[in-house]
Amino acid sequence: MSERFDTIIRGGLVVLEGRDEPVKLDIGIKDGKIAELAPRLEGESASELNAEGKIVLPGGIDMHVHFNEPGMSHWEGFPTGSASLAAGGFTAYADMPLNGLPPTVDIPALNMKAELAAGRSAVDYAFWGGLVPGKLDQLEALAEAGVIAFKAFMSSPGGEGEGRFTEVDELTLYRGMERIASFGGILALHAENDALTSLLAQEAIAAGRTGALDYAASRPPVAELEAVNRALFYAQQTGCKLHFVHISTPEAIDLIDSAKKSGMDVTNETCPHYLILTEKDMERLGPVAKCAPPLRDSDRVEAMWERLAAGKIDMVTSDHSPCTTELKDPTGKTFFDSWGGISGAQSSLELLFHEGVNRRKLPVGLLARVFSEGPARRFGLYPAKGAIAKGFDADLAIIDPNESYMLTAERLLYRNRHSPYTGMEFSCRVSATLCRGQLVYTAEDGIVKAAGGARLSVKPGKALKV
Ligand SMILES: NC(=O)NC(NC(N)=O)C(=O)[O-]
Ligand SMILES: [Zn+2]
Ligand SMILES: [Zn+2]
């Protein structure tokens with residue numbers, strides 16, 4: 001006779017959907033799913049995990065990572081990127097259509113990605129499709145093939161070379177929205193005004209103003225706000241659902257929030273670095289903390305925390321945008337020349353738990369919402385994923401709320417072990433991560449199951465409004 005459960009997670013403080021504070025419960029897992037939740041579960045199980053004193057969150061879903069395969073595996077890869085996510089309490093992710101070569105803008109490129117990820121990911125994964133000039137006729141086929149949504153850049157994505165992902169022109173943006181709207185898909189946007197940012201950068205470089213703060217000044221809040229405003233206008237005209245990635249300013253969050261209140265189908269995300277780091281930190285840390293949009297002043301960072309606490313931020317993603325450590329080396333070049341992108345996939349949950357829950361005393365339920373429920377609902381993964389509830393996948397992040405440790409480069413599982421957070425003392429630590437009931441990571445043993453992740457596809461139009 002088979003046991004009632006495969007695994008029981010004993011005595012953890014479990015974060016349930018819609019609840020601010022956790023509840024002490026046992027979790028019974030059978031066939032990869034949550035079979036039972038109760039204060040005390042009786043019955044046989046093949047294995048038990050003691051979670052006394054730990055917080056049990058639904059596994060994080062990181063909707064914004066760049067794992068760079070095919071073609072750029074010296075920057076990152078599915079094995080290393082997914083392992084770093086598992087170590088950070090994440091059980092699923094969506095890989096951006098750049099910076100791999102070729103970018104994911106047609107079916108052959110999507111198939112290449114799928115082949116490379118199969119059997120090489122520690123946690124579950126989905127793919128984004130790209131909207132770029134010249135590839136409009138690929139959108140329906142990509143949607144049918146199960147990409148989670150589409151991504152376009154309103155400003156240059158940076159980098160050089162043949163075949164790279166390119167930003168949209170106005171007509172591609174407008175027509176792309178029409179087409180994506182026609183099959184009920186979602187378009188995600190990197191929203192910065194290209195004319196403003198490129199001319200401001202030219203001006204600064206010509207005048208020899210090439211430091212970190214000059215870089216920040218060349219991509220001002222108005223560039224983000226203008227792009228968000230324009231995209232919202234096109235969305236009104238076309239009926240396209242939108243998602244704004246890595247929003248860096250409270251002004252843009254407010255603009256998106258009022259559009260949502262007016263009935264538009266639009267969501268936003270921010271990233272830990274816009275909550276944890278300021279432009280001063282970017283100056284202090286150097287290129288390792290360079291990203292686009294840039295880090296902001298401390299008043300804006302504070303205002304982002306207010307928006308997060310007020311429920312105006314739909315999800316938090318890492319925007320893990322890695323590169324070789326050499327491309328972050330400041331020697332012999334200006335700040336403008338370094339790669340823009342922060343490696344952060346491993347730290348998102350710990351950063352927000354540390355700063356948000358432990359220090360600012362925000363409810364832990366907020367983390368479940370922005371890291372799991374929000375992304376799952378928006379991108380059609382709910383109700384299989386996104387909450388700890390009977391019948392859902394047993395995707396769990398078990399975190400010790402009191403274990404402090406210092407993040408060192410050796411602890412990073414990225415292909416290139418740099419991060420703006422090395423040297424930082426965390427007041428909490430992920431103890432274990434389970435993906436569909438399988439133990440993937442423990443703090444003690446590291447990655448214990450390296451390749452159990454499965455591909456997640458969604459059908460167009462399935463995503464729910466958050
Ligand atoms: N080409 C990139 O990966 N760019 C990324 N870079 C950042 N965020 O600095 C991004 O998502 O915009
Ligand atoms: Zn971007
Ligand atoms: Zn990105």
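In this predicted model, helix H7 has a buried set made up of Ala223, Glu224, Ala227, Val228, Ala231, Leu232, Ala235 and Thr238. These residues take up an arc of only 160° around the axis, so they sit on the same side of H7. The spacing fits a simple rule: an α-helix has 3.6 residues a turn, so residues three or four places apart point the same way. On the face turned away from that buried side, H7 carries the exposed residues Phe233 and Gln237.

As for its dimensions, H7 runs over residues 221-238, which makes 18 residues. From its first C-alpha to its last it reaches 26 Å, close to the 26 Å expected at 1.5 Å a residue. Just after the helix comes Gly239, with a positive phi of about 75°.

So what do the buried residues of H7 pack against? Their partners include three helices' worth of neighbours by name: H4 (170-182), H5 (194-206) and H8 (250-261). Strands S11 (186-190), S12 (241-244) and S13 (266-270) are on the list as well.

Those strands belong to an open sheet of six, laid out in the order S9-S10-S11-S12-S13-S14 with parallel pairing. The edges are taken by S9 (129-130) and S14 (315-316); each has a single partner strand, so one side of each is left without a neighbour in the sheet. Further in, S12 and S13 run parallel and are joined by three bridges. Leu242, for instance, has Val266 in S13 as its bridge partner. H7 packs on this sheet, touching S11, S12 and S13, and its direction makes about 165° with that of S12.

Now for the annotated residues. The unreviewed UniProt entry places the feature "binding site" at His64, His66, Lys151 and Asp319. They span 256 residues in sequence, yet no two of their C-alpha atoms are more than 12.9 Å apart, so they gather at one spot.

Take Lys151, which lies in strand S10 (residues 150-153). Is Lys151 buried or exposed? It counts as buried, because 28 other C-beta atoms lie within 10 Å. Leaving aside residues up to four places away in sequence, Lys151 touches Met96, Pro97, Trp128, Gly130, Leu131 and Ala188.

His66 is found in a loop, between strand S6 (60-65) and helix H1 (78-87). His66 is buried too, with 25 other C-beta atoms within 10 Å. Again setting aside residues up to four places away in sequence, the contacts of His66 are Glu76, Met96, Leu98, Asn99, His320, Ser321 and Pro322. Met96 therefore turns up beside both His66 and Lys151, because it is in each contact list.

Methods: Residues numbered from 1 in each chain as written. Chains lettered and ligands numbered in written order. Predicted model: local features only at pLDDT ≥ 70, side-chain atom pairs only at ≥ 80, totals over all residues. UniProt positions renumbered as here; feature names shortened; annotations may be inferred. Helix = DSSP H or I, 4+ residues; strand = E, 2+ residues; numbered from the N terminus. Buried ≥ 20, exposed ≤ 12 C-beta atoms within 10 Å, placed from the backbone. Contact = placed C-beta atoms within 7 Å. Expected span 1.5 Å × (residues − 1). Arc of directions from axis to C-beta. Pairing = 2+ DSSP bridges. Axes fitted to C-alpha atoms, helices over the stretch in contact; angles between N-to-C directions.
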